[in-house]
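Here is a friendly walk through a few spots in a predicted model. Keep the structure open beside you as you read.

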Amino acid sequence: FGFTNCPDICPTTLAYMANLYQALPAEVRRQLQLYFITLDPARDTPQRLQEYLAAWPHTFVGLTGTAPQIKQAADAYLVYYAAQPADAEGRYNVDHSSYIFLMGPDGKYITHFSHHMPLTDSQARIVAAAQSPGQ
């Protein structure tokens, strides 16, 4: 979860995810799909998401929707976010949590981690999940 105008957390987290993805064994990478769900549907159109995510070396799928749909998705994952008041030029920031969620093929939660975790710890969680029956 994030937004394309994010000045720091989102680019850092996307770089972390790209590095993590690259560090995984090929058989595990084949089981993964990376998603980026916007918290700013007013600015993050499908085209904007596509352009933003094209800058990253791995295939991220950008997801957006209406404000109520975004709220429903964020609430389901207990993601905090709040748009800040716009400045005189109409620019605004969206405060948000920065967790990375690992979901199973059935859409159920497996674990989460942060871009602050050592890459090897996150890698171990993903590999363990990929080797678990039913994951």
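Cysteine 6 counts as buried, because its relative accessibility is 7% and the cut-off for buried is under 20%. Cysteine 10 is buried as well, with a relative accessible area of 3%. With two cysteines to look at, you may want to know how many disulfides the model holds. The count comes to zero disulfides. Cysteine 6 is in no disulfide, and the nearest cysteine sulfur, that of cysteine 10, is 3.5 Å away. Seen from the other side, the closest cysteine sulfur to that of cysteine 10 is in cysteine 6, at 3.5 Å, which is too far for a bond because a disulfide needs the two sulfur atoms within 2.5 Å.

Cys10 is also one of the buried residues of helix 1. This helix covers residues 9–23, 15 residues in total, and it reaches 21 Å from its first C-alpha to its last, close to the 21 Å expected at 1.5 Å a residue. The other buried residues of helix 1 are Thr13, Leu14, Tyr16, Met17, Ala18, Leu20 and Tyr21.

Two of those names, Tyr16 and Leu20, come up again at serine 122, which is in contact with both. Serine 122 is found in helix 5 (residues 119–131). Leaving aside neighbours within four places in sequence, serine 122 also contacts Phe113, Ser114 and Met117. Is serine 122 buried or exposed? At 0% relative accessibility, serine 122 counts as buried.

Here are the accessibility values side by side.

| Residue | Relative accessibility |
|---|---|
| Cysteine 6 | 7% |
| Cysteine 10 | 3% |
| Serine 122 | 0% |

Notes. Residues numbered from 1 in each chain as written. Predicted model: local features only at pLDDT ≥ 70, side-chain atom pairs only at ≥ 80, totals over all residues. Heavy atoms only, no water. Helix = DSSP H or I, 4+ residues; strand = E, 2+ residues; numbered from the N terminus. Expected span 1.5 Å × (residues − 1). Buried < 20%, exposed > 50% of the residue type's maximum accessible area, 1.4 Å probe, protein only. Contact = heavy atoms within 4.5 Å.
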